[in-house]
Amino acid sequence: MNSEHSSHVSPWRIFKFGGSSVTRPDDWDKIRQRVGEAFDAGKCIGVVVSALRGMTDLLESQLDQQTRQPVADVMTEITRRHHHLMDEMGIDREVLASPLEELTELLEADDQFSDPAHQARVLGMGEILSSRLGAAWLEQSGLPIAWLDARDILICPPDPRRSRHTNYLSTACPAAPDPKLARELSARSPGFILPGFVAANPAGETVLLGRGGSDTSATSLAAILEADRVEIFSDVPGLFSADPRRISSARLLKLVSYREAQELAAMGAKALHPRSLIPVQREQIPLWMRQSDRPDIEGTRITPEARDHGAQVKAIVQRKHITLISLEGIDMWQQVGFLADVFAEFKALGLSVDQVSTSESNVTVTLDPGANPVDTHSLDELSHRLARHCRVEVLTDCATVSLVGLGIRTILHRLGPALEVFEQRRIFQVSQAANDLNLTFVVESRHADRLVQQLHQQVIPGGVGGDSVFGPTWEQLFRADVGRRPVTAWWRHERERLEAALGDRDCAYVYNLDQVRTAAGRLSALKAVDRVLYSMKANPHPAILNAVVESGLGIECVSMAEAHHALDSVSGLTTRDLLLTPNFAGREEYRRALAEEIRLTVDNAYILEHWGSDLAGREIFLRMDPGSGLGHHKMVRTAGSHSKFGIPLAELDRVKRLCDAHDVRVVGLHAHTGSGILHPDNWHRTLETLGEAARQLPEVSVINLGGGLGVPDRSDELPLDLTALDAGLAQLKHDLVRAVEVWLEPGRYLVSEAGVLLARVNQTKGKGEVRYVGIATGMNSLIRPALYGAWHEIVNLTRLEAPGDHIYNVVGPICETGDILGLDRLLPECHEGDIILIANTGAYGATMASRYNLRAPAEEVVIEVKG
C-alpha cells in the first residue's frame, strides 16, 4: 500500500452503477442523490457507469454474422432507446449526436468485424453513450460533474503471453496509486463521470476489461486515486450464498474478506467481476456492494477489517459454458516434461487454464470463458496441437459447481452426507483448491442448477440473520415481490383461552383443531395432488385424527399399533383409508397387515427375497430411496446412503425380478426425503425421479411423494409456497410417461402450528452473565431441541406485550445437561408462576414424550379457535 495513502484519508470516493441502475429516469435521480450526499460529505467523486441494460448484448450480436441485422435497424433501436430516456430527463438530444454518428460508422465497417481492435471500439460504445448522457444530466441537475474519458486514465499495456484477441477484449489494467493525477483531477473538477468497461493501450487504442469489466474500471480508478472506498450499485444488494434469482432462500453475505470475495467472484458469483477485487485488495480499499433502489439494505462489505469466521461453507456457486479438455495416454506416465509440453500449447494460444487434475495416464483441465474468449477456431487449433502429445477429448457443455468458504479441507467429514446429491450424476472432475477456499465439481451443464439447489439446502444454515456472516434470505428482503407474507400465529390473540386451557396444571400441550382443518384445506386444494394422507406418527391424538379424516384425508401409519389406534379412534374409517409403511418390522407384522387387507409399502428388498411367498398375488407400494435426503438436521433426512429408509434406485431391476418371481404387483412408488423442507423443488425432484422409475413398472398407478412439508419456525420466515409446489407438480405430472395419481403424506405440516406447549416458571437463576429460566417440564415432554437441535419460538405468555430485555436459557427440570428447550432467548423478566409458551409443538411433541426421571410429561388439551 502506498505510504502517502496510509497517512491521510483520501478525498476521493468511487461509485459504480450497473446497466440496471442507469436505464430509467428514476435511476438517475437516485444516482444524483448518492453523488450529492457524497459531495455534502466533502468528497471528490468518481462515477463509473455501465451501458444501458441490454445494449452491450445488442452490439455483440451485431458482430456475429449469424445474428447480424441491417445497420439502419440496429441504429434506429439504439438511438430510440437513448433518445427516449433523454427526452424523459429533459436532455438535449444533441449531446449524443457525435457518439451515435461514430457508432454508425463503426457498424457500417463490417469488413473489419473480425479484427479484435475494431470489436473493442464497437462494444465499448454503450458505456460511452450512457456516460455522456449521465454527464449532461448531472451537470444539468446542478452538480459539479464533468465527463472524463476512462481511456485517458486506465492504460493497459498488452501482455505478450496472451493472444491479440484477449489483449483487446479482456485485458488487465495495472492500476497503481498516482497522487499527482489525483490532485490534478480534483483541481479540474470535484467530480467526474466515466464510461466503465473501456480502457486504452499505450498506443491510444480502445481495449476492453472483459464482460462485467465496469467493476474493474471502478476499482482500478479507486486504486489510482487512492479512494477511501468503492461503492458498487446494481440490481442486487450484494453477494449471496447462492444465486438469489434461482434460489430464493439464498442468504445475504454481510461481511466477507477479500480472499473469500475473490473466490466467490472467480467461481461464479455474478454480482462482482473477479478481476475487480485485485486493485482494492492490493491497496486495502473497502468495497461496498449496494442495491440501487433499496438503500435500506446494508448490502455486502468487503473490507480489510473482515476476519475469517472459521471453517464454514459461505456459498454454493456455479459457472456454465465451461470447456473441459481431457488428455489421455499411458505413455505420459513418468514422462519428463510432459506437462510442460502440454501447457506450452495453451500458452501459445493465449489460453489460461482454470482447473487441473492429473493421474498416471490422464490430465484433465478446464477453460473458463470469463478468462478466455474461447471460440471454435481456438479449440480446433488447440486440439490439433495437443494431439501431437496424446489423445484429446473436448467437452464444451460443462459447468462447475463449487462450495466456497474458508477451511474446506477441515470440514469434509461434515460435508459427506450433503455430497450424496452427486449420486447418479456424471462428474468429470473434482478439484480441491490449494488455497483451501473451494471444493469444485465439473458436471454436465443441465444438472448444475439442480445440484446447486440441493447443496444449498443441505449446507447453508437457515435462519433470519443476526450473525456477522449471514444476513436475511432473498425472500425475507423482497417478500413483497414474491407475494407471500409471514403468518401471525393464532396463539398471539388467544392468551385468555390458553390460560384457561392450562387451568391449574403446571404444564400442558394445547391443540387448536381449527388450525388442523385449515392446514388440511390448503393441501386438499392442490389441483395436482390426488390424495393426501396424514402421517399420524406426528400426533396420534384421537381428536386430531378425527379432524383430518373429516377434512377428507386418509391416514399413513408406520406400525400395526398405529393402524389399530386410528381404526379405533375414528368412526367409519376403513382399512382402505390406510397406508402402512413399516421399517425393519418383524415378519409377523407384515402378515397381519396382509391378513387385514391394509395397503402395504415395502422398503427393503430383503422382504421380497426372504418373505416373498407371504406377498404372493398381492399389490404393494415400493418405498424408493431417491439418493439424497433433505431437512434441518441429519436425523430427519430420510434418504441417501446414510439413512436406513428405502430401496436404492440401483436395486430396482433386482426388486422387479423378485416381484415377478412371487407374482407381486407393484402399483405404487413412494419416496420420503426428509422433514422441515420449505422449498417446493424437493417434491418436484421426487416426482421426476419416481416418474422415471415408473417406466420400468407398468402397473404403477400411484406416486406417493411422501411428506416433509415444512412450517416456518420463526415469526418472520415465509411459509412453503404451495402455489409453486402445485404448478411444478402439474407440469411434471403432464410430462409423465402415463397418467398416475400423485399422493402426499404430510405430518408436521398439518399439526405443528396447531399445538403449543405451556409450562409455568419454577425458578430463575443467574450464573455470571448467563441467566436461566427453569420451567415445569423439559425434554420429557419435548425432546426435539435435544434430539434434533430443533428451534422453537418461546415467549412469556403472561407478559406477552412486554418488551424482551433479558436473555435467558430456557431449561426444564430433567437431570440432564441437554435438557435445554431454548438458548439465548430474549424475554421480559420472568417470575415464578409466569406461563411460558413454546410454539409449533403440535407435531413430534407429546407423541415422543417419556417419563424420564419418572416425571410425567405434559397432558394434552384440545380447543377450537377460529382464525
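Axes here are lines fitted to C-alpha atoms, for helices over the stretch in contact, and the angles between N-to-C directions run from 0 to 180 degrees. Keep that in mind for the helix pairs below. The model is a predicted one.

**Two helix pairs**

Let's start with helix H13 (residues 338–348) and helix H14 (residues 376–386), which pack at an angle of about 155° with their axes 10 Å apart. Angles over 145 degrees count as roughly antiparallel, and that is how H13 stands to H14. The crossing of H13 past H14 is right-handed. On the H13 side the contact is made by Val342, Glu345, Phe346 and Ala348, which meet Leu382, Arg385 and Leu386 of H14. Sorted by class, this contact of H13 with H14 comes to 5 nonpolar and 2 charged residues, with no polar ones.

The other pair is helix H20 (residues 513–524) with helix H21 (residues 542–550), packed at about 35° with 9 Å between their axes. H20 also passes H21 in a right-handed crossing. Here Leu513, Val516 and Arg517 from H20 touch Ala543, Ile544, Ala547, Val548 and Glu550 from H21. In the contact of H20 with H21, 6 residues are nonpolar, 2 are charged and none is polar.

Side by side, the two pairs look like this:

| Helix pair | Angle | Axis distance |
|---|---|---|
| H13 and H14 | about 155° | 10 Å |
| H20 and H21 | about 35° | 9 Å |

**The eight-stranded sheet**

Now for the sheet. It is open, has 8 strands with mixed pairing, and its order reads S3-S4-S2-S1-S7-S10-S11-S9. Which strands stand at the edges? They are S3 (145–147) and S9 (255–256), and because each has a single partner strand, one side of each is left without a neighbour in the sheet. Further in, strand S1 (residues 12–17) runs parallel to strand S2 (residues 44–49), and 6 bridges join the two. One of the bridge pairs puts Trp12 opposite Cys44 of S2.

Helix H2 (residues 25–40) packs on this sheet, where it touches S1, S2, S3, strand S4 (191–195) and strand S7 (230–234). The direction of H2 makes about 155° with that of S2. Helix H7 (residues 125–140) lies across S2, S3 and S4, and runs at about 160° to S4.

**Around S21 and H22**

Further along the chain, strand S20 (residues 531–535) and S21 pair in the parallel sense over 3 bridges, and Ser535 has Glu556 as its bridge partner in S21. Is S21 covered on one face or on both? Both faces of S21 (residues 554–557) are covered, with Gly554 and Glu556 buried on one side and Ile555 and Cys557 buried on the other. So Glu556 turns up twice here, as a bridge partner and as a buried residue.

S21 is also part of the cover for helix H22 (residues 560–569): the buried residues of H22 are Met560, Glu562, Ala563, Ala566 and Ser569, and what covers them includes H21, S21, strand S22 (578–580) and helix H23 (587–595).

**A few single residues**

Thr216 lies in helix H10 (residues 214–225). Its relative accessibility is 2%, so Thr216 counts as buried. Setting aside neighbours within four places in sequence, Thr216 is in contact with Leu209, His273, Arg275 and Ser276.

Leu367, in strand S14 (residues 362–367), is buried too, at 1% relative accessibility. The C-alpha atom of Leu367 is separated by 5.4 Å from that of Asp354, although the two residues are 13 residues apart along the chain.

Finally, there are two residues to check for backbone angles. Most residues other than glycine have a negative phi. Glu597, however, has a positive phi near 60°. Glu597 sits in the loop between H23 and strand S23 (599–602), and is it buried or exposed? At 57% relative accessibility, Glu597 counts as exposed. Asn853 is not a glycine either, yet its phi is positive at about 65°. Asn853 is found in the loop between strand S36 (835–838) and strand S37 (859–863), and with a relative accessible area of 34% Asn853 is partly exposed.

How values were computed. Residues are numbered from 1 along each chain as its sequence is written. This is a predicted model: local features need pLDDT of at least 70, side-chain atom pairs count only at pLDDT 80 or more; totals for chains, interfaces and linings use all residues. Side-chain values use heavy atoms; hydrogens and water are left out. Two strands pair if DSSP finds at least two bridges between them. Helices (H or I, at least four residues) and strands (E, at least two) are DSSP runs, numbered from the N terminus. Contact means heavy atoms within 4.5 Å. A crossing is left-handed if the near helix is turned anticlockwise from the far one by less than a right angle, and right-handed if clockwise. Ala, Val, Leu, Ile, Met, Phe, Trp, Tyr, Cys and Pro count as nonpolar, Asp, Glu, Lys and Arg as charged, and the others, Gly among them, as polar. Angles under 35 degrees count as roughly parallel, over 145 as roughly antiparallel, 65 to 115 as roughly perpendicular and the rest as oblique. Buried means under 20% relative accessible area, exposed over 50%, partly exposed in between (1.4 Å probe, protein chains only).
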